[in-house]
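I opened the notebook to record what I looked up in this model. The entries concern the ligand site, a pocket and the annotated domains.

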Amino acid sequence: MTIRYVSTRGQAPELDFEDVLLAGLASDGGLYVPTYLPKFDAEKLRAMQTMSYPDLAYEIVSPFIGDCINEADLRAILKDTYSSFRHPAVAPLVQLEHNQWVLELFQGPTLAFKDFALQLLGRLLDYVLARRGEKVVIMGATSGDTGSAAIEGCKRCDNIDIFILHPHERVSDVQRRQMTTVIAPNIHNIAIKGNFDDCQAMVKTSFVAEPFLPDGRRLVAVNSINWARIMAQIVYYFYSGLALGRIDRPTSFSVPTGNFGDIFAGYLAKQMGLPIEKLVIATNRNDVLHRVLTEGVYAKLSLEASLSPSMDITVSSNFERLLFDLADRDGDVLRGWMETFAEGDLTLSNEALEKAKALFDSDRSSDEETCAEIAAVWRKQGYLVDPHTAIGTKAARVCQQDSDAAMVTLATAHPAKFPSAIDAAGIDAQAQLPAHLADLFEREEAFDVLPNDLAEVHQFMVANCRA
Ligand SMILES: *Cc1c(COP(=O)(O)O)cnc(C)c1O
């Protein structure tokens with residue numbers, strides 16, 4: 001039986017993997033989730049323990065992909081995907097203290113965990129498109145890490161033209177240069193004279209507007225609601241839990257969280273059989289999710305800029321996928337909840353809140369606490385963490401208490417990506433960009449500056465799609 005995908009809001013058609021890969025939001029406004037999950041028992045986990053990252057990835061993702069890609073091709077795609085990572089282990093573990101570990105997810109080309117999903121997504125899309133004889137256009141908005149990871153993931157894709165919007169003069173130099181120095185005929189960086197919300201609004205409107213692309217080309221989304229991204233992220237939970245030998249005893253994970261994509265993958269790993277005790281939602285001052293767990297109320301907040309910009313969010317779009325399970329996978333109930341949320345606040349039922357609390361723990365850090373944690377980890381362990389990871393290591397300590405489960409913090413970005421936060425921590429440490437990015441500041445940049453005007457952006461895209 002192959003896994004099919006249903007919308008959380010229950011009114012869109014069921015799809016197979018290939019269509020979910022190409023779809024963004026479901027037509028009813030919901031997100032796609034698998035109809036069931038593959039399960040791995042202890043014996044299978046033991047067999048998986050010695051596998052290389054790409055081989056393990058094959059075990060985890062192949063049930064979700066089903067017969068959409070044959071075994072030899074999928075194995076080749078996975079091998080190629082993770083060969084772009086610098087460390088031979090792909091996702092190495094570093095021990096900080098007794099029972100405290102960091103999983104370095106920043107060994108990919110753009111130094112953030114998003115490479116795990118987007119390096120794979122680009123290759124999967126290109127494979128499927130070549131077979132269908134189709135070309136698509138990817139459009140995305142970024143305030144930081146997603147844009148560069150998407151660009152790196154698609155730069156060699158023959159069947160994809162990619163247009164990434166960023167707010168002009170409002171992203172950091174490192175983050176901008178990681179996007180604008182990737183020069184390829186299918187890559188287009190657009191600096192919009194506006195803020196991030198303006199960029200995001202243009203992208204959202206483009207997906208629901210009248211088709212505007214040449215010869216009926218499809219517009220594809222690569223934001224974290226894309227199911228294939230979540231799927232790819234399940235793998236490193238298994239990889240690290242198994243590397244720590246945790247088959248009969250559980251591991252806990254502390255996850256620096258924004259849109260809830262990364263930690264939702266951990267939740268799935270647990271359903272699939274990996275022994276996990278707690279999943280810790282680590283947030284910055286944009287703490288919608290910390291509030292859900294502590295107060296039982298899911299409410300949109302206003303955006304506050306922080307030292308951990310990749311976690312600056314007002315809503316966590318993937319939280320809807322968890323809510324769907326908390327609603328016992330009833331699309332009608334979930335739709336009602338999301339309508340209530342759209343009007344203001346959603347108060348969880350006691351039953352839903354208790355279920356969530358049994359799975360998740362949470363902690364919030366201010367910028368001051370983030371800096372103090374960067375400094376503390378540096379002084380104590382001589383290990384430099386980026387501000388997102390610091391929020392995770394602090395939450396790990398707060399939430400571990402006296403549990404003897406191994407606690408793994410996901411290190412979501414390399415410290416060299418966020419030099420200003422390291423400065424703010426006031427420590428005598430500097431992170432060097434890895435060799436492949438050492439000359440980032442000498443490289444040629446290419447981007448176009450456009451007004452905050454959707455018609456002009458669409459015109460630009462039409463004029464710049466490859467034939
Ligand atoms: C995207 C990102 C996050 C947040 O991940 P979500 O899946 O949105 O919760 C955390 N840290 C870094 C460095 C990121 O780039």
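My entries follow, beginning with the basis of the values.

Basis. I worked on a predicted model, in which local features need pLDDT of at least 70 and side-chain atom pairs count only at pLDDT 80 or more, while totals for chains, interfaces and linings use all residues. Residues are numbered from 1 along each chain as its sequence is written, and side-chain values use heavy atoms, with hydrogens and water left out.

Ligand. I looked up the residues around the ligand (a heavy atom within 4 Å) and found 15, the closest being Lys114, Asp145, Gly258, Asn259 and Thr412. I then checked polar contacts (N or O pairs within 3.5 Å). A polar side-chain atom of Lys114 is 2.5 Å from a ligand oxygen. Backbone N or O atoms also lie by ligand oxygen atoms, at 2.8 Å for Gly258 and at 2.9 Å for Asp262. The protein covers 96% of the 390 Å² of accessible area (Shrake-Rupley, 1.4 Å probe) that the ligand has on its own.

Domains. I read two annotations from UniProt, both in an unreviewed entry; such annotations may be inferred rather than shown by experiment. "Threonine synthase N-terminal" covers residues 4-82, where I noted 48% helix and 8% strand (DSSP runs of H or I, at least four residues, and of E, at least two), with end C-alpha atoms 26 Å apart. "Tryptophan synthase beta chain-like PALP" is placed at residues 100-332. There I noted 41% helix and 19% strand, with end C-alpha atoms 42 Å apart.

Note on methods:
Polar contact = N/O pair within 3.5 Å; in protein donor to acceptor, adjacent residues only side chain to side chain.
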